[in-house]
Amino acid sequence: MSTTAALAPVSLRRRAVLSPSEIEAANTRLAGATPSEIIAWASARFGARLAMTASFADTTLIDLATAVDPDIEVIFLDTGFHFPETLATVRRAMERYALNLTVLRPDPGDGRHVDDVWAAGTEACCHARKVAPLEAYLPGHADAWLSGLRRADSPDRAETPIVALDRRGLVKVNPMAEMTDAEYDAYVADHDVLVNTLTFDGYASIGCWPCTEPAADRSGRWAGLDKTECGLHL
């Protein structure tokens, strides 16, 4: 496991990118493909420059991705506000998968103590603890990344593409975009996927403890606020 501060990366190699027409062709080609087939396509296309993010609500995407490439880089954003149960899931995943894990933490060099950012509101907090560390790290280490987004997650995610360009110009691949809840639950059961124990306490979606409440869907995140995403997927 490596622990990496959110430092500005330097890269002298040409980034592997896809044009809009190639993105469209990839979505057409991969429509109806299994998550494993989609990951295999991404791995063949981007090789060691393919990474993935994981929130450790469960290890479904990790289970799928490491079956294709056991050494794929798994990026975990340690916000400092994770539930103990989430950190326990990270440890269990390390034991099972021997993960090539990179832990990103907020940059302490922005002139403010990171614990003070939460008082500035959820947007500032999410940006400092999640968005900024990933944006500083990812472009220098990956040309493409895997995300666990599914269209069934919420109405806001109903149009999630399988392949897209993110705002950094990196290729973002959502291998589970087409998975229904039934298919997802079946995979978890059939593959004995590690599940964050908060799930059994009524947390359908798990983020930082100050902003997460038990709920049957993603409404437990930032409850009572006009906010549905942390900013990583915008």
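Helix α7 is followed by aspartate 192, whose phi is positive, near 50°. The model described here is predicted. Within α7, the buried residues are Tyr184, Tyr187 and Val188. Seen down the helix axis, these buried residues fall within an arc of 100°, so they line one face of α7. That buried side packs against α3. The face turned away from it carries the exposed residues Ala182, Ala189 and Asp190.

Tyrosine 184 also takes part in a charge–ring arrangement. The charged end of arginine 150 sits over the ring of tyrosine 184, 4.2 Å from its centre. Arginine 150 has a relative accessible area of 7%, under the 20% limit, and is therefore buried. A second arrangement of this kind involves arginine 45, which lies over the face of phenylalanine 46 at 5.1 Å from the ring centre.

Side chains of opposite charge can pair when their charged atoms come close. A search of the whole structure finds nine salt bridges. Arginine 150 forms one of them with aspartate 181, the closest N and O atoms being 3.0 Å apart. This pair links distant parts of the chain. Arginine 150 lies in the loop between β5 (144–146) and β6 (163–165), whereas aspartate 181 belongs to helix α7, 31 residues apart. Aspartate 181 is partly exposed, with a relative accessible area of 40%. Arginine 150 also meets aspartate 153 in a salt bridge, at 3.5 Å from N to O. Aspartate 153, at 22% relative accessibility, counts as partly exposed. These residues belong to a wider arrangement: Arg150, Asp153, Arg157 and Asp181 are linked in a network of salt bridges.

Another salt bridge joins arginine 151 and glutamate 178, at 3.8 Å from N to O. Arginine 151 lies in the loop between β5 and β6, and glutamate 178 in the loop between β7 and α7, so the pair ties together parts that are 27 residues apart in sequence. Both partners are partly exposed: arginine 151 has a relative accessibility of 31%, and glutamate 178 has one of 33%.

Methionine 176 is placed in the loop between β7 (171–173) and α7 (181–190). Its relative accessibility is 2%, so methionine 176 counts as buried. Beyond its neighbours within four places in sequence, methionine 176 is in contact with Pro35, Thr60, Leu61, Leu64, Gly148, Leu149, Arg150 and Tyr184. Among these contacts are Arg150 and Tyr184, the residues of the charge–ring arrangement described above. Methionine 176 and threonine 34 are 142 residues apart in sequence, yet their C-alpha atoms are 8.0 Å apart in space.

Threonine 59 is found in the loop between β2 and α3. With a relative accessible area of 1%, threonine 59 is buried. Not counting residues up to four places away in sequence, threonine 59 touches Ala93, Tyr97, Val193 and Leu194.

Aromatic side chains form further links. The structure holds four aromatic pairs. In one of them, the rings of phenylalanine 56 and phenylalanine 76 have their centres 5.3 Å apart and their planes at 85°, so the pair is edge-to-face. Phenylalanine 56 lies in the loop between β2 (50–53) and α3 (60–68), and phenylalanine 76 in strand β3 (residues 73–77). The two are 20 residues apart, and the pair links distant parts of the chain. Both rings belong to buried residues: the relative accessible area is 0% for phenylalanine 56 and 3% for phenylalanine 76.

A further pair is formed by phenylalanine 81 and tryptophan 209. Their ring centres are 5.7 Å apart and their planes stand at 70°, so this pair is edge-to-face. Phenylalanine 81 sits in the loop between β3 and α4 (84–97), and tryptophan 209 in the segment after α7. The pair links distant parts of the chain, 128 residues apart. Phenylalanine 81 counts as buried, at 11% relative accessibility, whereas tryptophan 209 counts as partly exposed, at 45%.

Note on methods: Residues are numbered from 1 along each chain as its sequence is written. This is a predicted model: local features need pLDDT of at least 70, side-chain atom pairs count only at pLDDT 80 or more; totals for chains, interfaces and linings use all residues. Side-chain values use heavy atoms; hydrogens and water are left out. Helices (H or I, at least four residues) and strands (E, at least two) are DSSP runs, numbered from the N terminus. Buried means under 20% relative accessible area, exposed over 50%, partly exposed in between (1.4 Å probe, protein chains only). Contact means heavy atoms within 4.5 Å. Rings of Phe, Tyr and Trp (its six-membered ring) pair if their centres lie within 6.5 Å; planes under 30 degrees apart count as stacked, over 60 as edge-to-face and the rest as tilted. A charge sits over a ring if NZ of Lys or CZ of Arg is within 6 Å of the ring centre and within 35 degrees of the ring normal. A salt bridge is a side-chain nitrogen of Lys or Arg within 4 Å of a carboxyl oxygen of Asp or Glu. The arc is that of the directions from the helix axis to the C-beta atoms.
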